[in-house]
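User: Could you walk me through a few features of this structure? I'd like the reasoning along with each answer.

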Amino acid sequence: MPNLDYSVLVTTRQSATRGVPAGKEDVQWVGSSSTLIHDGHDAILVDTFLGKDDNARLLAWVQQAGYDLKAIYITHGHGDHWFGVSMLLEHYPHAIVYATRGTIACMKENNAQSWLDRWHAGFPGQVARNARDLFDPSAVRCVDDQGHRFQLGSHEFVVHEAGFTDTHSTTFVHVPSLDLVVAGDIVYNGVFPYLGATTTDTRREWQRALDAIAALQPRNVVPGHTVPDGGHHPRHVHETKQILADFDAHVDHTSSALELYHQVLALHPTRVNPGSLWVGCIATKPE
């Protein structure tokens, strides 16, 4: 059977969580990844991007690769991981879109008009104004009904439920024949994880998800958000877990959101997108 290989496209955009305390205004950006896994003829894509321009770049990249796109897997329901599906399906209409039942529910939440209005306000002209202009999550094929597995040829892709990480019902994909995990927003590299929707309990759940990835001992791990050229080293699993642990370690020893922010920032001064840390601090220590 043909061997699998993979490649990753990383695009950068402005952060969705702008407006941070003075000192880090120049790093209010985030990198996002999309992973193309192929056997030399057919391919599966994991996640798309948020905006029209980035998804046009993704489409061109997939077309240039020259493989027949058989499927798209969505790791979780945040719009910046699936708003490009409709553009890809215009050119690959027979591709199957896979996700878990929980992700499908989260996708439906994220194409509500209130969410689309927020995305459009932050990224005018880049995001659909109405849900009818997006891919319909009801058309997703649910992997829960097929043992949390799908295939490319005879190669198996195993979907793992991760629970609540940066949102509810997140997942990661293990490709055993590649010794690869595509981690979605469970793993971040060089970027602050989005903490605005988390609690102490969900951050523990997030750490358990990271432990589940580490237990597979993958050779390569693709983070959902990353700096360009950041690589796919499994150490990013531990590094993400360390940020979560550092955040929780300082919650009880700081008196304000600003103090918590500066304490964690001092431990991870080179990470970009500090707004994702700041909104977590505000949610944990509201003024």
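Analyst: Happy to! Two strands pair if DSSP finds at least two bridges between them; helices (H or I, at least four residues) and strands (E, at least two) are DSSP runs, numbered from the N terminus. This is a predicted model, where local features need pLDDT of at least 70, side-chain atom pairs count only at pLDDT 80 or more, and totals for chains, interfaces and linings use all residues. Residues are numbered from 1 along each chain as its sequence is written, and side-chain values use heavy atoms, leaving out hydrogens and water.

User: In which sense do strands β9 and β10 pair?

Analyst: Strand β9 covers residues 170-175 and strand β10 covers residues 180-182. Val173 stands opposite Val182 in β10. Over three bridges, the pairing of β9 with β10 is antiparallel.

User: Which are the edge strands of the open sheet with the order β7-β8-β9-β10-β12?

Analyst: Five strands form this sheet, with mixed pairing. An edge strand pairs on one side only, and that singles out β7 (149-152) and β12 (220-222).

User: Over how wide an arc do the buried residues of α7 lie?

Analyst: Buried means under 20% relative accessible area (exposed is over 50%, partly exposed in between; 1.4 Å probe, protein chains only). In α7 (residues 257-267), Ala257, Leu260, Tyr261, Val264 and Leu265 are buried. They sit on the same side of α7 because their arc, taken from the directions from the helix axis to the C-beta atoms, is only 125°.

User: How many disulfides does the structure hold?

Analyst: A disulfide is a pair of cysteine sulfur atoms within 2.5 Å. Cys142 is in none, as the nearest cysteine sulfur, that of Cys106, is 14 Å away. The total for the structure is zero.
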